[in-house]
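Biologist: I want to learn how to read a fold from coordinates. Could we go feature by feature?

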Amino acid sequence: MKINNLTIKGKPAAKPLILAGPCSAETREQTLETAKELASFGIEIFRAGIWKPRTKPGGFEGVGKAGLEWLREVREVTGMMTATEVANSKHVEMALNSGVDILWLGARTTANPFAVQEISDALSGTDITVLVKNPVNPDPELWLGAVERLLNSGITNIAAVHRGFSTYERGLFRNLPQWHIPIELKRRVPSLTVLCDPSQIGGRPELIYPISQQAMDMGFDGLMVETHINPSVALSDKDQQITPLALNSILKALIIRTSIDSSERLG
């Protein structure tokens, strides 16, 4: 499998690549205020969920199409690029029509080859950047399969996102890192850009820094961090989100090594 170096809007992706923003775009004010503060710290890519189906119905499941207008306003006001999750062809159509720069496939979607194929077909003929989160279960073949389906549809700007794997056990992590899985992915496809999502892995703010540092030490290419202007009132996953100021402190504290021992490096 041959994948070119990741580009976004025709330009090589920054290293480390940082995507930050709320789990969900909840209101126009919350979306814009979070984006403005992130932009003030130099963050160039704003991520926010628009469609957020939950494990059980009845909770906040995203604002839907209205949120795409807020993302458009984020681009206009801050100059940031925007990213959101898609789970079917209708999401893809609406996101593309709204000018979203980066799309990502969530863990549940990656685990469903029917959904991945539908999305791949809908993206055929575009050059948009697509991020593929690992499936909920620790299966590198499913993860690679999703990447291959996108490639077969002509999508070449692809990156993988390690967000950990679901478990019934209640331990330190919300989702088990199982670092050997992304290592195997990188071994199989050395040219693939691999990011880490410490918010989903840790599930708690205090774990974001150590997980991020471990990812950097292992040679990951960037981070995707859930960041909210006021995490305590977030409508989804409030326990794992941090403020833009906290993110800025974490990024300043990270040690990015230019040379990584081969025994430690991802892949």
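Biologist: How many helices and strands does the protein have?

Modeller: Keep in mind that this is a predicted model. The protein has ten helices and ten strands.

Biologist: What is the overall size, and what does the radius of gyration say?

Modeller: The C-alpha trace spans about 45 × 40 × 40 Å along its principal axes. The radius of gyration is 17 Å. For 267 residues a compact globule would come near 18 Å, so the value agrees with that rule.

Biologist: What share of the residues counts as buried?

Modeller: Of the 267 residues, 53% are buried. Contacts are also worth a look. Take those between residues at least 6 apart in sequence: 72% of them join residues at least 24 apart.

Biologist: Now the sheet. How do strands pair in general?

Modeller: Strands of a sheet pair through backbone hydrogen bonds, in either a parallel or an antiparallel sense. Here, eight strands form a closed barrel with parallel pairing. The order is β3-β4-β5-β6-β7-β8-β9-β10. On average, neighbouring strands of this sheet are turned by 25° against each other, direction ignored.

Biologist: Where does β3 sit in the sequence, and which strand does it pair with over two bridges?

Modeller: Strand β3 covers residues 17-21 and pairs in parallel with β4. Alanine 20 stands opposite phenylalanine 46 of β4.

Biologist: How many bridges link β4 to β5?

Modeller: Three, in the parallel sense, with β4 at residues 45-47. Phenylalanine 46 has threonine 82 in β5 as its bridge partner. Between these two strands the chain passes through helix α2, residues 65-78. That β-α-β crossover is right-handed.

Biologist: Which strand takes the next three bridges from β5?

Modeller: Strand β6, residues 102-105, running parallel to β5. Alanine 83 of β5 stands opposite isoleucine 102 in β6. The chain gets from β5 to β6 through helix α3, residues 89-97, and this β-α-β crossover is right-handed too.

Biologist: Is β5 covered or open, and which way do its residues point?

Modeller: Mostly covered. Strand β5 spans residues 81-85, and five of its five residues are buried. Met81, Ala83 and Glu85 point one way. Thr82 and Thr84 point the other way. Both sets are buried.

Biologist: Which residues of β9 point which way?

Modeller: Thr193 and Leu195 point one way from β9, while Val194 and Cys196 point the other way. All of these are buried.

Biologist: What are the strand partners of β9?

Modeller: On one hand, four bridges join β9 to β8, residues 158-162, in parallel. Valine 161 has leucine 195 of β9 as its bridge partner. The chain runs from β8 through helix α7, residues 180-188, to β9, in a right-handed β-α-β crossover. On the other hand, two bridges join β9 to β10, also parallel. Leucine 195 stands opposite glycine 222 in β10.

Biologist: Which helix lies across β9 and β10?

Modeller: Helix α9, residues 205-217. The two strands cover 193-196 and 222-226. The helix runs at about 165° to β10.

Biologist: Let us try a helix residue. Where is serine 120, and what does it contact away from its sequence neighbours?

Modeller: Serine 120 belongs to helix α5, residues 113-123. Leaving aside neighbours within four places in sequence, serine 120 contacts Arg149, Leu150 and Ser153.

Biologist: Why does serine 120 count as buried?

Modeller: Because the relative accessible area of serine 120 is 0%, and the cut-off for buried is under 20%.

Biologist: Last feature. How many disulfides does a search of the whole structure find?

Modeller: Zero. The test is distance: two cysteine sulfur atoms must lie within 2.5 Å.

Biologist: Why is cysteine 23 not bonded?

Modeller: Because the closest cysteine sulfur, in cysteine 196, is 16 Å away, too far for a bond. From the other end, cysteine 196 is in no disulfide, and cysteine 23 holds its nearest cysteine sulfur.

Biologist: Are these two cysteines buried or exposed?

Modeller: Cysteine 23 is buried, at 0% relative accessibility. Cysteine 196 is buried as well, at 0%.

Definitions and conventions. Residues are numbered from 1 along each chain as its sequence is written. This is a predicted model: local features need pLDDT of at least 70, side-chain atom pairs count only at pLDDT 80 or more; totals for chains, interfaces and linings use all residues. Side-chain values use heavy atoms; hydrogens and water are left out. Buried means under 20% relative accessible area, exposed over 50%, partly exposed in between (1.4 Å probe, protein chains only). Two strands pair if DSSP finds at least two bridges between them. A crossover is right-handed if, with the strands pointing away from the viewer, the path from the first strand over the helix to the second runs clockwise. Contact means heavy atoms within 4.5 Å. Axes are lines fitted to C-alpha atoms, for helices over the stretch in contact, and angles run from 0 to 180 degrees between N-to-C directions. The radius of gyration is taken over C-alpha atoms; the globule rule is 2.2 Å times the number of residues to the power 0.38.
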